[in-house]
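Please walk me through this model in the viewer, stop by stop. Tell me what to select next and what is there.

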Amino acid sequence: MFKWILGFLLGACSLVLQPSVLQTTSTLLTLVIAGALLLLVKRVKHSLLSACIVVISGFLFGFGWTSIHASWRLSQQIPSPENQSVHIIEAEVKSLPVIYPEYCQFKVQVKHSDTPSLIHKKLQLNDYSKQCPYLNEEVWTLTVKLKPIHGSLNQAGFDYERFMFQQAIDGKGYIKQATLVSQQPEWSIGAFRQSIFDALSEFDNAGLFQALTIGEKSSIPKEDREILQQLGLSHLIAISGLHISIIAGGSFWLMFVVLGWVNRLCRVNAVEPFRPALIVSCFVAFCYTALADFSVPTVRALIMWGCVAAALLWQRQAALLSGLKVSLGMMLLIDPLAVLSVSFWMSYIAVAVIAFVVSGRAGGEQGWRHGLSKLGKIQVAISLTLLLPSLLFFQQATLLGLLVNIVVIPAFSVLVLPLIIVCVILTLFEFSSPLGMLDSALTTSLGWAEALANTLAWLRFEFWLPGWLLCSLMVVMFIIWLPINIFRYQFIGLWFVLVTSYLIQQWASSTQPTMVVFDVGHGLSVLLTDGKTHILYDTGYAATHGSAFESYIEPTLQKLGVQHLDALILSHQDNDHSGGAKKITKQLPVKQVIAGQWANDMLSGLPTKDCVAGYGYQFGVFSLDVLHPKDSTNGRNNDSCVVKITSGVPEYRFSILLPGDIEKSSEYELAADQSNTLSADIVIVPHHGSNSSSTYPFIKRVNPSVAIYATERFSRYNLPSSKVVRRYQDFDIPQIHTGCYGQITYNLATNSFDATRNEAKIWRLPPCEVVEK
């Protein structure tokens, strides 16, 4: 059975490599072949050949089954023109609203609509008004403008379209008008979750309490998130297998003890305590999962616990391994697209490591010292193994987390989480003093945690390794934890050989001069690198809940091996251009900042050079010349730092113009004063393609071989403007668009470019062309 499930898992994982879903005929043929192989295996007597056939059967079934689910999910997504139109819908709120400074966001299920195809669709909606009156399970009549599911796409970092596909969101949009139809039911799970959310909102650490009781993390301050991330404790605030196991295990122990007391009082074994306690633990786990709104990680953890409990009830040997296998098969049958989820891999890898460390080691020493030793070994094994998927999914990991988790997880399991649950229950009965004391203690603990994170920050490391290498290392790591001693040290040596050989290869490789135009939505960030020298022009947006640097730029810089910046150029002070400057200067060593005087206060303490016309400098192979403004300014659009980058060595010939958000008056000035120096092979179109820029004289003087728009596709600003597109067309200048292509990587040595969106994925919108609208 395990071999077939393993093949099933591998077949489901092939989804990541598929550019498109299979046709119906091919899918059915794949499933038929998978079934035929299972029948054939009964006739095969050779054990190794039989095992291979079983794995291949599972692989083909997983491949076909996942393709069916992917096709169905894609068919549910709202197509054009409905996803670019205004609709009137009657919908039920299906989540607690997440409140951001600019808007609030929640999910709804459409019950009625003026467009029949929208009925039963699951939508994610934003309300940009100043109020957010929506409550879970209320029904509203909404006038909504729907938009296609489309997000920024870069070499590394957050993939929004993949996330929405995996979460089964059929469409997104924003609310233009809303009218309440029916209020929240008085008695329901949604109402109960809402009451807990409201009751906890008055506490200083409300976000952490809400995350641990009802799975709602939106209220956790960004500072607290960063502290937990630095300490490797982010997994503690997401209700998952650990939390379900703590609550279910605690309820099992409590029920087992109570029934044991009952038997002692009755002086007879009136009730056999093991089975009832196990059943009660499953019921408590179900209630906790319902409290977390049956989120995918909690349902997965509930299935895992239920399968292990069933194996124990049936008195199966190796119940943990049996439960792991059965729950994995069930999860893949229910939702094979779960393999796209990070939490899926984290949960099963952790449980698999526990099973490997524990299995085959029965007997031997007993007692509390032996128990503590085994718990410590399990924790070390989990922490070391999870470093690899952390690097795979997040490009970062921390050895500090290994040390902290050894202490924190036992304390969290035995004391903290049960105490929080008990205090929250008391608060619902209007006895909030215990939770208030816990709130104060938690505030003090977070202060200590911040000091610890700052002191031991050197234990946190960030770098990028290719997926094939990390997956290979993970397989080797699993073999190391198997209960066998033969060849273990040889595999440890293989682990280090793989990593060392790759790092030496990367160190020895050379890089040609490259320009990277990041896809940061409506904003701008451009990297120029020759492998040793790195220049970043603008940083993209920053908001209270995240930034372009954290989501896209930093992961891509790690993948490219950029560990410092020789120059950070800030065109002007608009948030979509310089919002991430503070974060960047904290995360990376920056040798020099080039910006207007407006940046002095924001980036105090850093060497800053005023961006004024006439300034020039050589950075590696890049020769930098500032063309505008004439004097240091306060950072308005027309005062943008206009920079021309040319080759400073004879081996390469290229020229790039980076004009920021200059508008007509500055373009006219440049066309008149810099007519001999304005021409460039590549131009980043001023002001994201707004009609306030890209005048005919400017385009004629620049005369580029290609014009690149840095803006969002389906933007509410409707950019680039059709008038601007037509102007560049009049000069027969090719035009490309980060919103259409994703991140654009331009090889300046070969004068060719590649785009991230050219790599087709099932969940990804294909590239588009810049055309008049």
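The tour below starts with the whole chain and then moves to single residues.

**Before you click**

This is a predicted model: local features need pLDDT of at least 70, side-chain atom pairs count only at pLDDT 80 or more, and totals for chains, interfaces and linings use all residues. Residues are numbered from 1 along each chain as its sequence is written, and side-chain values use heavy atoms, with hydrogens and water left out.

**Stop 1: the whole chain**

Show the protein chain as a cartoon. Its secondary structure comes to 25 helices and 25 strands. Both are DSSP runs numbered from the N terminus: helices are H or I with at least four residues, strands are E with at least two. The radius of gyration is 29 Å, close to the 28 Å that the globule rule gives for 773 residues, so the chain is as compact as a globular protein of that length. That radius is taken over C-alpha atoms, and the rule is 2.2 Å times the number of residues to the power 0.38.

Switch to the C-alpha trace. Along its principal axes it spans about 100 × 65 × 60 Å.

Now turn on the surface. About 36,300 Å² is exposed, and carbon and sulfur atoms supply 61% of it. Areas come from the Shrake-Rupley method with a 1.4 Å probe; for residues, only the protein chains shown count as cover. Of the 773 residues, 49% count as buried. Buried means under 20% relative accessible area, exposed means over 50%, and partly exposed is in between (1.4 Å probe, protein chains only).

Contacts come next (heavy atoms within 4.5 Å). Among those between residues at least 6 apart in sequence, 68% join residues at least 24 apart.

**Stop 2: the loop after H1**

Select Ser-20. This residue sits in the loop between helix H1 (2–13) and helix H2 (24–40). Ser-20 is partly exposed, at 45% relative accessible area. Add Ala-70 to the selection. The two are 50 residues apart in sequence, yet 9.3 Å apart in space, C-alpha to C-alpha.

**Stop 3: Val-41**

Move on to Val-41, in the loop between H2 and H3. Is Val-41 buried or exposed? At 14% relative accessibility, Val-41 counts as buried. Leaving aside neighbours within four places in sequence, Val-41 is in contact with Ser-50, Ile-53 and Val-54. Then draw a distance to Leu-146. Its C-alpha is 51 Å from that of Val-41, and the two residues are 105 apart along the chain.

**Stop 4: aromatic pairs**

Show the rings of Phe, Tyr and Trp (its six-membered ring). They pair if their centres lie within 6.5 Å; planes under 30 degrees apart count as stacked, over 60 as edge-to-face and the rest as tilted. By this rule there are 24 aromatic pairs.

Select Phe-8 and Phe-61. Their pair is edge-to-face, at 5.3 Å centre to centre with 85° between the planes. Phe-8 lies in helix H1 and Phe-61 in helix H3 (residues 47–76), so the pair ties together parts that are 53 residues apart in sequence. Both residues are buried.

Next, select Phe-165 and Trp-763. This aromatic pair is tilted: 6.5 Å centre to centre, 35° between the planes. Phe-165 is in helix H4 (residues 160–166) and Trp-763 is in the segment after strand E25 (752–755), 598 residues apart. Phe-165 is buried, with 0% relative accessible area. Trp-763 also counts as buried, at 6%.

Go back to Phe-8 and Phe-61, and add Trp-4 and Trp-65. Ring pairs link these four into a cluster.

**Stop 5: backbone details**

Most residues other than glycine have a negative phi, and most peptide bonds are trans. Check these spots in turn.

- Ser-80 to Pro-81: the peptide bond is cis, with omega near 0°. Pro-81 is in the loop between H3 and strand E1 (86–93).
- His-628 and Pro-629: a cis peptide bond joins them, with omega about 5°. Pro-629 is in the loop between strand E18 (622–628) and strand E19 (642–647).
- His-120: phi is positive, near 75°. His-120 is in the loop between strand E3 (104–113) and strand E4 (122–127), and is exposed at 60% relative accessible area.
- Asp-293: phi is positive, near 65°. Asp-293 is in the loop between helix H9 (274–291) and helix H10 (296–313), and is partly exposed at 33%.
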